[in-house]
Amino acid sequence: MARTPSCYYLLTIILLLAALALATTTSSAVADAANGSCIAAERAALLSFKAGITSDPANLLGSWHGRDCCQWSGINCSSRTGHVVKLDLYNHFFEEDYHGNVLSHSLRGQISSSLRSLRHLKHLDLSANKHLGHGMPIPDFVGSLDRLVFLDLSFMNFSGRVPQNLGNLTKLLYLNIFNYYGTTHSDISWLPRLQSLQTLELGGVNLSSAVDWFHKVNALPNLVALSLHNCALNNSLSHTTTASPPLPHNLTLLQLLDLSQNHLNSRAANNWFWGVTSLKSLYIYDCGFAGAFPDELGNLTLLETLYMSDNNFVGMIPATLSGLCNLQSLTLSNNIISGDIADLIYRLPTCSWKNLQVLSLEGNNITGTTLEAVLHLTSLQVFNVISNDLRGRVPVEIGTLANLTTLYLADNGFSGVLSESHFAGLTNLKQIDLSNNHLEVIVGPDWVPPFNLNWAEFGSCHLGSRFPQWLRWQKDIDKLHIPNTGIIGELPIWFWTSISRVTSLDISLNQISGKLPLSLEFMSVRRLLLQSNQLTGLVPLLPRSVEILDISRNNLTGFVASNIGAPSLQFAILFSNSITGAIPKSICLWSKLLVLDLSSNLLTGELPDCGTKQLKHWDTSSNSTSIAKSKSSSSLEVRTLLLRNNSLSGGFPLFLRQCRNVVFVDLAQNRFSGKLPVWISKEMPALVILRLRCNNFSGEIPIGIANFPALRILDLSNNNFYGAIPQHLAGLESLTASDKALVPAENPFEEEYQEMYWSSDTGLFNDSLPVVIKGKVLGYRENVIYLMSIDLSCNSLTGKIPEEMSYLAGLINLNLSSNFLSGQIPYKIGNMQSLESLDLTKNHLAGEIPWGLSDLTSLAYLNLSYNDLSGRIPSGRQLDTLQTDDPASMYIGNPGLCGRPVPKQCPGDQPSQGDSVEWHKYGLFQMDFLLSLIVGFVAGVWMVFCGLLFAKKWRGAYFRLFDKLCDKVYVISLVTWHKWSGINGEN
């Protein structure tokens, strides 16, 4: 049917009305923008996003109010259309949040899907807000913002699968979803659609399931920067044969490539990236590469930065680097490079000598007796040769490297003197580490250095007997480590104020004397190491920032106050002083405390309870905020509590009821008394070492003592415990297996300390732990964790030794001596195959000694003396080797025992000669000799018989020889007989 003109007119009118409405809407939006306000729908979307934020410590959204959202912080709008085109809420404090111990500045809450209404958004940056994405996947709606050119969601701790619809963002030039702490994963099948992409950062995203990841990346021809750092990539693209050419690629614009921390575990030669000649920066550290340095490295003639540390490259760098004239930074640390340092430097392209700024060779096998070749590198800023085998003197010309900012020579064999001339030209020097050499620094008392250091380490160098006066002028120093440098006498008056901004201070292992200031609260120090000096006075008020405190092995006599501050303290090491009085109540405020060591002091009184009732009665006027936080906390983080060798009293410390994570408790050699609480295993389930020896504890050993699955050392000796040993010992799981692996979290000697840029293990390596084993008191250090010991000696325990004791196959030391135990030694004691020391002396044990003792092949010490044992003493190879100088002493005081090695003869013993002792001593030898003689005779006769039986020639020769011998004997006998007959006849 034909359309009438009226239909066309009607359609035209409808289209005109629609266009008019659209124009009105657009003009209204433009008018809104011109009047200083953003588009209402987009403002509503932003306010909805703000409503989903539950915490904003950095006040990033503080300006988000009013009509004009274009003026809000982090928002940019188009000057033409008024649409929001940029949302930037990057957390500028992310380094402090990730590596420090301050309160996080990260936004918290939910990322509202209302942001999908920002259809004109080109730039979205929410990076470094680690709590905003924590545990959640990247929102799907992000893939609908198809006008995005810049997307940064890095360091947000997302988890789960990366959304496939990110492939819809075809206009993206920059994509960063670096996820160092999260658990995101992807197959990157969506990646080839981002044809405009120039920068791709996928660090930390698990790509182990990505099939043919290289070809996906290779489909992005505009890439300039590519980071696949720590992505669990495989080594399927490495070619191990020299005949295999590198894979072809389309990445002709690529300038930066980071494949670090993917354990490719292959040879580096013939990898695809050697053919990317446009590269200016290459990062392949910790990739598991092995073998010689690839000659193909010389292909990258535009290279400026090369980072190849933490691999297994061997030998010397190749001689093919002559074309790398632009090289500015070379990091080859922690490989197996060998050879002379002069040879290494002369292999670097001479055209790069004036450009090279960073040379890091730490942790190799580089040798040499001079650093003169380094002087050619006139632009050098960082020189790091820590932990090599360099020797000789440091040339005075090192002072001509005027651009040097970092000089690391630690852990080598350098010797000689460093004078003012060595430092004369180092005006830019900021960091120096000369530790663990044989160097002596001799400068005048009035010398003013030309540099202003922020990092100085001189450990084990000789700095003179007086404290170095030149340190007074280092106002910006952040790290000062001068342990074991021969300093004697008191610290100068200016010391504490001049270094007030130091965050890490180590002046240990010297002979520094004098008193500490009454307050160090003005300092910014986080790590304070003063141990092994001659300091006196009181433990001062501590800085709020301090996290590690070690003042052990000094002569301090007390605490300046009951609250010494330090709310961030993690390690408090104060053993081997003369500290008197009570333990300060401020330990209840140390919510981050991991280790407290107050051993070998003169402390008295009880430990603070740290329960909420005690805190309520404590005067909180000076620090109400900290107290409130402690009240709200149900437990402390303490993992190690060492109070050995003091005069502390009271019952079992209720303080430990707040320490559910405690691993090591040592209350030995104090005056604690009373019964052990029934909650001991319930409130301290992670316990590995419990030492209560030499106290006044009494009562029965609670059944819960056998419910510590991780317990390795239990020492309740020298107390007043009575009653029976708990029966159900199978709960001591770590002692039931000889090959029980030690979980790192269970090792108190490997406590981890989180520093600003890395984590380090801070173990309890300074003090030794006395243990009674094998009849002696032996000092153990970190290896005590592998001891596996139960010591219940010197108590008043009664009853039988539980049969379940024999289930503890991993036990190494068992001491039940000096009790009132009765009954028999467990029959299955031979199952304790790891046992090295067994002491059951001074009890009332009766019956025979189990023959299973002879099965203990690891046994090195045995003492069963002074019991009521009877019967024959077992023998065996291992038992016969014990106490060879006086073996009978193991069994003395048991008149019913007989047999070797005691003099008493057992009934029925009938030795052939001599006494029974001589028979037991030599009978076995005689029997062995007789048996050997018979076997040898039979074997010899049989060999002769077989020879005569089967060898005809042998048989004929034998009988001929036998006939001759018979004839000869007959003739000689006959002649001799006639001769003697004639002589007798004459007579």
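Colleague: Leaving aside its neighbours within four places in sequence, which residues is Asn-894 in contact with?

Modeller: Bear in mind that this is a predicted model. Here Asn-894 is in contact with Leu-864, Ser-865, Tyr-866, Asn-867, Asp-868 and Leu-869, once neighbours within four places in sequence are set aside.

Colleague: Where does Asn-894 lie?

Modeller: Asn-894 belongs to the loop between strand 59 and strand 60. Ser-865 is 29 residues away along the chain, yet the C-alpha atoms of Ser-865 and Asn-894 are separated by 6.5 Å.

Colleague: Is Asn-894 buried or exposed?

Modeller: Buried means a relative accessible area under 20%. Asn-894 has 5%, so this residue counts as buried.

Colleague: Which backbone nitrogens lie by a polar atom of the side chain of Asn-894?

Modeller: There are two to look at, from Asn-867 and Asp-868. The backbone nitrogen of Asn-867 is 3.2 Å from a polar atom of the Asn-894 side chain. For the backbone nitrogen of Asp-868, the distance to a polar atom of that side chain is 3.4 Å.

Colleague: In what order do the strands of the open sheet come?

Modeller: To read a sheet, follow the pairing from strand to strand. In this one, three strands are arranged as 57-59-60, with parallel pairing. Strand 57 (846–847) and strand 60 (896–898) are the edge strands, each pairing on one side only.

Colleague: How many bridges join strand 59 to strand 60?

Modeller: Strand 59, residues 868–872, is joined to strand 60 by three bridges, and the two run parallel. Across this pair, Arg-872 stands opposite Cys-898 of strand 60.

Colleague: Let me try another residue. Why is Ser-329 classed as buried?

Modeller: The same kind of cut-off applies: buried is under 20% relative accessible area. Ser-329 has a value of 14%, and is therefore buried. Ser-329 lies in strand 17, which covers residues 329–331. Beyond neighbours within four places in sequence, the contacts of Ser-329 are Glu-304, Thr-305, Leu-306, Leu-356 and Val-358.

Colleague: Now for empty space. How many cavities of 30 Å³ or more does the structure hold?

Modeller: The structure holds 11 of them. Take the second largest, with a volume of about 80 Å³.

Colleague: Which residues line the second largest cavity?

Modeller: The lining includes Ile-701, Ile-705, Leu-714, Leu-716, Ile-725 and Pro-726. Leu-729, Leu-732, Ile-790, Leu-792 and Met-805 are also part of the lining.

Colleague: How does that lining divide into nonpolar, polar and charged residues?

Modeller: The second largest cavity has 11 nonpolar residues in its lining, with no polar and no charged ones.

Definitions and conventions:
Residues numbered from 1 in each chain as written. Predicted model: local features only at pLDDT ≥ 70, side-chain atom pairs only at ≥ 80, totals over all residues. Heavy atoms only, no water. Pairing = 2+ DSSP bridges. Helix = DSSP H or I, 4+ residues; strand = E, 2+ residues; numbered from the N terminus. 1 Å grid on protein atoms, 1.4 Å probe; cavity = no way out; pocket = protein on both sides within 12 Å on 5 of 7 lines; lining within 4 Å. Points joined across faces, edges and corners; volume = space filled by probe spheres on them. Nonpolar A, V, L, I, M, F, W, Y, C, P; charged D, E, K, R; others polar. Buried < 20%, exposed > 50% of the residue type's maximum accessible area, 1.4 Å probe, protein only. Contact = heavy atoms within 4.5 Å. Polar contact = N/O pair within 3.5 Å; in protein donor to acceptor, adjacent residues only side chain to side chain.
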